[in-house]
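Hi,

Here is the structure I said I would pass on. Have a look at it first, and my notes follow below.

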Amino acid sequence: KQKTAYEISTRDWSSDVCSSDLRADAFSAALVDDSRDGVDPVNVTLGNDSAITLSNGLLTVVIDAGGRLMSLSGDATLSGGRSVIPSGSGGRLVLRRDTPAEYDAWDVDRADADSPAVEVIVVESPRLVSQSDMRATVRTTFSDPSGESRFTLLYSLDAGSSMVDVRLEADWQAQIGRAHV
């Protein structure tokens, strides 16, 4: 089988280490100080209901046991402290029919846009795959009902960041279909 992976990421490498973090003369060496003075570290809380909460003082992200982004709330300056995701309607990954009349790759016909959603199946429950004061990442893996295609969602939160990175890795084997969040 041919395997194809797509990666969607808004992360900018320059946020990891900036030239201002380096304290060294030309042609010399120095240790990189990756601490950020005045920035709250990323905290992780594992709930009794298997939910995972990531928080950095600016954002709080809640991922439920089904891998859905259930809450995304900011501090008072970002969202008034309330979640921008309506209660009970967490972001979820579904599959829909895709049979375009024209333009295979990007044409979504109205009939397909309104087609019934097919739920993906959780293959690997959300789990914390990396954690430090500067960044935490949660991974969940899904499959289509046939088990042929696999989808991995990675949610990452950085210290001092006002956004959550969501990356989708897809091993897409379905003949006709599209993923929809």
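F151 is buried, with a relative accessible area of just 1%. Keep in mind that this is a predicted model, so every value here is computed from that prediction.

F151 also has an aromatic partner, W172. Their arrangement is edge-to-face, with 5.2 Å from centre to centre and 70 degrees between the planes. That angle is why the pair gets this label: over 60 degrees counts as edge-to-face. The count of aromatic pairs comes to one. The two partners are 21 residues apart, and the pair links distant parts of the chain: F151 belongs to strand 9 (residues 150–158), while W172 is in the loop between strand 10 (164–171) and strand 11 (178–180). W172 is partly exposed, because its relative accessible area of 23% is not under the 20% that buried requires.

Next, look at S149. It lies in the loop between strand 8 (135–143) and strand 9, and at 1% relative accessibility S149 is buried. Which backbone atom does the side chain of S149 reach? The backbone nitrogen of Q173, at 2.7 Å. Leaving out residues up to four places away in sequence, S149 touches F142, S143, D144, D171, W172, Q173 and A174. So W172, the ring partner of F151, is also one of the contacts of S149.

Now for the core. In soluble globular proteins, nonpolar side chains tend to be buried together. Here the largest nonpolar core has 23 residues, and L54, V61, I63 and F151 touch the most other members. Strand 2 (52–55), strand 3 (59–63), strand 4 (69–74), strand 8, strand 9 and strand 10 each supply at least two residues. Strand 9 gives the largest share, four residues.

I63 is worth clicking on too. Setting aside neighbours within four places in sequence, I63 is in contact with S50, A51, I52, L54, R68, L69, P126, V138 and Y155. Among them is L54, another of the residues that touch the most other core members.

Finally, the overall picture. The protein has two helices and 11 strands, and along the sequence they follow the pattern β-β-β-β-α-β-α-β-β-β-β-β-β. Of its 181 residues, 31% count as buried. Among contacts between residues at least 6 apart in sequence, 40% join residues at least 24 apart. The protein exposes about 11400 Å², with carbon and sulfur atoms supplying 51% of that.

Cheers

Notes: Residues numbered from 1 in each chain as written. Predicted model: local features only at pLDDT ≥ 70, side-chain atom pairs only at ≥ 80, totals over all residues. Heavy atoms only, no water. Phe/Tyr/Trp six-rings, centres within 6.5 Å; stacked < 30°, edge-to-face > 60°. Buried < 20%, exposed > 50% of the residue type's maximum accessible area, 1.4 Å probe, protein only. Polar contact = N/O pair within 3.5 Å; in protein donor to acceptor, adjacent residues only side chain to side chain. Contact = heavy atoms within 4.5 Å. Areas by Shrake-Rupley, 256 points an atom, 1.4 Å probe, with all protein chains shown as cover. Core = buried A, V, L, I, M, F, W, Y, C linked by side-chain atoms within 4.5 Å.
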